[in-house]
Amino acid sequence: MAVARKIKTLLTVNILVFVGIILFSVYCRIQDRSQELVQIVRSADRRARSRGAKVGSLADRESILQRLDHLEEVVYNQLNGLAKPMGLVEGPGGLGQGGMAATLRDDSHESETKYEEYGYNAQLSDRISLDRSIPDYRPKKCKQMTYPDDLPQISVVFIFVNEALSVILRSVHSVVNHTPSHLLKEIILVDDNSDNVELKFNLDQYVNKRYPGLVKIVRNNKREGLIRARIQGWKAATSPVVGFFDAHVEFNIGWVEPALTRIKEDRKRIILPAIDNIKYNTFEVQQYANAAHGYNWGLWCMYIIPPQDWLDKGDESAPIR
């Protein structure tokens, strides 16, 4: 009986040990498997994130491309969609660049008619870009000068009567292109009762779309004359400084800072920038010598040799009284 009991006890112990070994083995396999599953899950998560990043990157790329397409459309509309239907040209390049003389091969009857109507080659003007470059004729010292940061803003007033549309718009483009935006408060176009049709709808539509909020148009109901037209422009101006110009001008780089600096020093000053010449037939920009400006008793504007004390200074950047 005792032997049988011992044998039974040993068998029970062996069975328990065997079962324990099996359970331990199963446990180890479960742990290994769980680690594998964790690795698989992590790997899958990384792949998913990578795919998500790629998808995000593709989405960003598509968004950027769409924006570039939109920008290209905007630029095209600005440079072609507005000017081209009116037969005008915008942007760099083309005839008359650098202020060079330009000519047209087809001197037609229309060209002669426009000569008589405007007093200059309006047909050629229509072929010259509104953004053409012109030479910088400033004296060397003027190019090296610095100016205060807190200059007052300026309102630029153009007076016109039956001027060629391309000439007016080139004046506008030129002042926008060559005036720091923080100094140019507004541009005011005063139409002294023109009867030219293209100076109505076409001009309004162009400036409102091309320069929204920057350009104002004042129209006189009757012909007022140059001085009263200027007063109308002055009344519409909202900046502390107002500049009056003909509507057939082109501005050069650095034109406004010296003028505003002189006015900032003394608000009672009336400043006249140096004026070069645009030839009426070829639109070539010709440099004029520095001169004083005045009037004879017939009130004709005259270019006057600078006074001797100015010449003695030898400083071409100094103002001429």
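The chain has nine helices and eight strands. The model is a predicted one. Of the 321 residues of the chain, 31% count as buried. The accessible surface comes to about 21300 Å², and carbon and sulfur atoms account for 57% of it. Contacts often span long stretches of sequence: among those between residues at least 6 apart, 73% join residues at least 24 apart.

**Helix α5**

Helix α5 covers residues 165–177. Its 13 residues reach 18 Å from the first C-alpha to the last, close to the 18 Å expected at 1.5 Å a residue. The helix is mostly covered, with eleven of its 13 residues buried. The buried set runs through nonpolar residues, including Leu 165, Val 167, Ile 168, Leu 169, Val 172 and Val 175. Arg 170 and His 173 are also in the buried set, as are Ser 166, Ser 171 and Ser 174.

What do these buried residues pack against? Two helices are involved, α3 (122–127) and α6 (201–210). Three strands are involved as well: β1 (154–160), β2 (184–191) and β3 (215–219).

**The nonpolar cores**

The largest nonpolar core has 33 residues. Val 156, Phe 158, Ile 187 and Leu 189 have the most contacts inside it. The elements that give two or more residues to this core are β1, α5, β2, α6, β4 and α8 (256–265). Which element gives the largest share? It is α5, with five residues.

Apart from this core lies another one, of ten residues. Among its members are Ala 102, Leu 104, Tyr 118 and Ala 122.

Ile 187 shows how the largest core is knitted together. Leaving out residues up to four places away in sequence, Ile 187 touches Val 156 and Phe 158. On the same count, Ile 187 also touches Val 172, Val 175 and Val 176. Its remaining contacts are Leu 214, Val 215 and Lys 216.

**Salt bridges**

The structure holds twelve salt bridges. Three of them are listed here with the distance between their closest N and O atoms.

| Acidic residue | Basic residue | Closest N and O atoms |
|---|---|---|
| Glu 90 | Arg 210 | 2.9 Å |
| Asp 191 | Lys 200 | 3.3 Å |
| Glu 265 | Arg 269 | 2.8 Å |

The pair of Arg 210 and Glu 90 links distant parts of the chain, 120 residues apart. Arg 210 sits in helix α6, and Glu 90 sits in the loop between α1 (2–81) and α2 (109–118). Are these two residues buried or exposed? Both Arg 210 and Glu 90 are buried.

The partners in the other two pairs have other settings. Asp 191 has a relative accessible area of 0%, so this residue counts as buried. Its partner Lys 200 is partly exposed, because its relative accessibility is 30%. Glu 265 reaches 52% relative accessibility and therefore counts as exposed. Arg 269 is at 29%, so Arg 269 counts as partly exposed. Shared partners also join salt bridges into one network, made of Asp 191, Lys 200, Asp 204 and Arg 219.

**Around Asp 191**

Asp 191 is found in strand β2. Which residues does Asp 191 touch, not counting residues up to four places away in sequence? They are Phe 160, Leu 199, Lys 200, Val 218, Arg 219 and Asn 220. Lys 200, one of these contacts, is also the salt-bridge partner of Asp 191. Arg 219, another of them, belongs to the network that includes Asp 191.

**A nonpolar surface patch**

Leu 226, Ile 227, Ile 231, Trp 234 and Phe 244 make a nonpolar surface patch of about 490 Å². Helix α7 (residues 226–236) gives the largest share of the patch, four residues. Phe 244 lies in strand β4 (residues 241–246). Why can Phe 244 count as partly exposed? Its relative accessible area is 32%, and partly exposed residues lie between the 20% limit for buried and the 50% limit for exposed.

**Around Glu 112**

Glu 112 lies in helix α2. At 48% relative accessibility, Glu 112 counts as partly exposed. Glu 112 and Gln 123 are eleven residues apart along the chain. Their C-alpha atoms are separated by 9.0 Å.

Terms used
Residues numbered from 1 in each chain as written. Predicted model: local features only at pLDDT ≥ 70, side-chain atom pairs only at ≥ 80, totals over all residues. Heavy atoms only, no water. Patch = residues over 30% accessible without salt bridge, like charges linked within 9 Å, V, L, I, M, F, W, Y side chains within 5 Å. Areas by Shrake-Rupley, 256 points an atom, 1.4 Å probe, with all protein chains shown as cover. Salt bridge = Lys/Arg side-chain N within 4 Å of Asp/Glu carboxyl O. Buried < 20%, exposed > 50% of the residue type's maximum accessible area, 1.4 Å probe, protein only. Expected span 1.5 Å × (residues − 1). Contact = heavy atoms within 4.5 Å. Core = buried A, V, L, I, M, F, W, Y, C linked by side-chain atoms within 4.5 Å.
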